Every structure is written in structure tokens, then in C-alpha cells.
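Reader: Hi! I have a new structure open and would love some company while I look around. Could you walk me through it?

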Amino acid sequence: MASCTTAILGTGSYAPAKVLTNDDLAQIVDTSDDWILSRTGIRERRLADPGETTSDMAARAAATALADAGLLPAAIDAVIVATMTPDMPMPSTACFVQHKLGIPDHAACFDLNAACSGFLYALDTACALVESGRYRHALVIGAEKISTVLDWQDRTTCVLFGDAAGAVIIGRSARPDAGFLGCNLNANGSVAEILCIPGGGSKLPVSADLLASRQQFIKMKGREVFKIAVRAMEESAREILEQHQLRPDQISCVIPHQANLRIIELIAEYLGIPLDRFFINLDRYGNTSAASIPLALDEARRAGRVRAGDLVLMTAFGAGLTYGSALIRL
Ligand code: ACO
């Protein structure tokens, strides 16, 4: 079993104030509260203001996490932002966050894109940095202004997502019972194009034709993603439990990526973990991509659903298709 001395020292989250309900969406596209709720479990989601950037949301979540950990910005020596909706293609959103929080120049700052699995990829990276002994405290953020890459004419995707940010501080814990146990990260690039933003990169650079054909927005084969996601999360969760010789009933709380209630219900059934041990907040936020797990973790902590010493399983999937699971004792 991996060392347990690297741990989550604090959590924070931020969601914009503006709420977009399913009824509001029915004014924009041909949909209904009944369809969205029954197919996904989502009731409403948050939308960032036009002037509010991914780094603004990230910095607010991070400031809360720093306060929760009792640390000053100067204590941070790595900032990793998991996002697929950066402020700009270049430089990284992490550099904007560093500046907004007053984190000193000695910190390494970079973004990481694993779509909705991004937070687990960033968490594992941060834990490795801290375990190496070369970094004391890493700030790990999942943040998305996903409303900017949604096609508000496409009812099959625009109803699913929302904007938000979540953050954790990784460092050495004085508590020997707290710690990061491990993470498995996976990807299946052979199905990369079933969930993608086709335009805006080197393959299809921005052009008038690209914008006219709406290739700058998320495209998704929802049914295919659904099937792969359920199997991928189940397999990776099962694998990490086996690696650590843990039974499902030893898990205090599962924090799954919040994409679709039906996906979560199936994972609960296949893993044999009762649904009431899953923390679910997608009804209020929709799928916030890389922000979903840290937002849920922070809410679960603040609501008393998870406490110090609890064994928490996190599991995610996202475009790539990427997927993975992590085990942490709070
Ligand atoms: N309102 C009303 N009707 C709709 C809507 C909508 N918002 N969207 C689709 N429909 C219609 C379709 O047009 C279709 O109509 P038809 O039968 O006349 O052709 C019908 O509803 C059924 O459509 P399906 O796509 O088959 O519906 P399904 O039950 O599969 O649910 C959904 C769709 C919710 C997208 C589901 O497939 C899903 O959740 N997939 C996983 C998606 C996901 O989690 N993506 C996040 C990935 S994470 C990341 O990295 C971004």
C-alpha cells in the first residue's frame, strides 16, 4: 500500500450565483423539465457571468481551500488547474490563478486536460509531486466555464452541463491515519471522437467556416459515452479496491463524477455499494466536468457527509475517453 502521509489538507468550492433551471432551458431549446430530470437527474445548473472567467472561479474555490487548510498563498509551490475551458489557449489558467491569489514566483503553475477526469489526473500528479519531497503544498483545482463551449442550439448537450470550480490543498499531514492511498488513471483514445470539441485546435483552427458550422462546441454521442462510462468507472473502482484489499462495504462515501444519475445508480448496483453512500449533487449543478468531484467533496465535507478518518472513493470518466478512481482517507 502506498504511503499515507500525503493528504488533503483543505477543500473549497465556488459556483456562480446565476441558476438556470430546466424550465429556463425549455425556453431556449425544445426540451422539458420532465425529459431532463428523468434522463439525467439534473434540475438546475449554474452559469458564470459573461465577464467571469475560469480562473476567477478557480481562484475563489482555491481561496476557500487555503483558508480551510490554514495556509497562506506563500506556502503553495505548485498550482495545477484541471480544465478543458481555460481562460485562454495560452498561457495556462494556473498562471492567472497564481497571480490572483498572490502565490509567489517559486510555484510551478500548469494546466492539465483530461476533461471530466481532470481532477483525478491533477490529484494524482499533485500527490506524486508532494511525495517526491520536492514540493511541500500543491493547490489542485478543477474549474470549468463550460457554458462557453456549449451549443445553445443543441438540446442533446446544452442541458447537461454547468459552470463551477472546486479545489483541494495537498501536503503532508500530521495525522498518520489521513492520507492518499492511491489512484489509477486510464484512457481509451480509440474512442476519442465520441465526445469532443472538434474545432479551435491545430486540426481545425478557428475560421469563419468553422464557426458557421458550430464545430467550436461540444459534440457527443451520448448513448455510446453512457455505456463506456458505466463499465469504465465500475472496472477502475473495482480495481483500486482490489489493489488495496478493501471490500466495497469498507468505503464510507463514494464521490463519483456527477454526469448522470442513471450512470451513478448503475455503478452503485454493479459495485454493490448502496446508493445512499454516494454523494450526489448533480441535481443542483449538472455536469461541471473537472470541477464536479472537488465541488462534491467540498460540499460533502461541509454537510458532514464525510468526516476526518473516512475512507472516500472517487471515480470519474470523461472525454478521451479518460477514466480512473482514487482512494483517500480524509
Ligand atoms: N430534450 C428532449 N428530448 C431530447 C433531448 C432533450 N434535451 N435530448 C435528446 N432528446 C431526444 C433525442 O432527440 C431522441 O429523440 P428520438 O428518439 O426522436 O431520436 C430521444 O430524446 C432519446 O435520445 P437519446 O440520446 O437516446 O437519450 P438517452 O436516454 O441516451 O439520454 C443522455 C441522453 C442523457 C445524453 C445520455 O445518453 C447520457 O447521459 N450519456 C452520457 C453523457 C455524459 O455523461 N457525458 C458527459 C461526459 S463527461 C466529459 O468529459 C464532458
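Reader: Which residues come nearest to the ligand?
Author: Thr 31, Arg 39, Cys 116, Arg 223 and Asn 260 do, out of the 27 residues around the ligand. Keep in mind that this is a predicted model.

Reader: Thanks! How far is the side chain of Arg 223 from the ligand's oxygen atom?
Author: An N or O atom in the Arg 223 side chain sits 2.6 Å from an oxygen atom of the ligand. Asn 260 also has a polar side-chain atom 2.6 Å from a ligand oxygen.

Reader: And what does Arg 155 have close to the ligand's nitrogen atom, backbone or side chain?
Author: Backbone, in this case: an N or O atom of the Arg 155 main chain lies 2.9 Å from a nitrogen atom of the ligand.

Reader: How much of the ligand does the protein bury?
Author: The protein buries 77% of the 1,000 Å² that the ligand exposes when taken alone.

Reader: Nice. Which elements give two or more residues to that shell?
Author: There are four helices and a strand to look for: H2 (33–40), H6 (155–158), H8 (222–243), H9 (261–271) and strand S12 (311–318). The largest share comes from H8, with 4 residues.

Reader: What about the classes of residue in the shell around the ligand?
Author: The shell has 14 nonpolar residues, 8 polar ones and 5 charged ones.

Reader: Let's switch to strands. How do S4 and S5 run, parallel or antiparallel?
Author: Parallel: strand S4 (residues 78–82) is joined to strand S5 (residues 108–112) by 5 bridges. To find one pair on screen, look for Val 81, whose bridge partner in S5 is Asp 111.

Reader: How does the chain cross from S4 to S5?
Author: The route goes through helix H4 (residues 93–101), and this β-α-β crossover is right-handed.

Reader: I also see S12 in a sheet. What is the order of the strands there?
Author: The order is S8-S13-S12-S11, an open sheet of 4 strands with mixed pairing. Strand S8 (179–187) and strand S11 (253–256) are the edge strands, each pairing on one side only.

Reader: By how many degrees are neighbouring strands turned against each other?
Author: On average, neighbouring strands of this sheet are turned by 10°, ignoring direction.

Reader: Last one: in which sense do S8 and S13 pair?
Author: Antiparallel, over 8 bridges between S8 and strand S13 (residues 322–329). Phe 180 is a good place to start, with Ile 328 as its bridge partner in S13.

Notes. Residues are numbered from 1 along each chain as its sequence is written. This is a predicted model: local features need pLDDT of at least 70, side-chain atom pairs count only at pLDDT 80 or more; totals for chains, interfaces and linings use all residues. Side-chain values use heavy atoms; hydrogens and water are left out. A residue is near a molecule or strand if one of its heavy atoms lies within 4 Å of it. A polar contact is a pair of N or O atoms within 3.5 Å; within protein, one must be able to donate a hydrogen and the other to accept it, and residues adjacent in sequence count only if both atoms are side-chain atoms. Accessible areas come from the Shrake-Rupley method with a 1.4 Å probe; for residues, only the protein chains shown count as cover. Ala, Val, Leu, Ile, Met, Phe, Trp, Tyr, Cys and Pro count as nonpolar, Asp, Glu, Lys and Arg as charged, and the others, Gly among them, as polar. Two strands pair if DSSP finds at least two bridges between them. A crossover is right-handed if, with the strands pointing away from the viewer, the path from the first strand over the helix to the second runs clockwise. Axes are lines fitted to C-alpha atoms, for helices over the stretch in contact, and angles run from 0 to 180 degrees between N-to-C directions.
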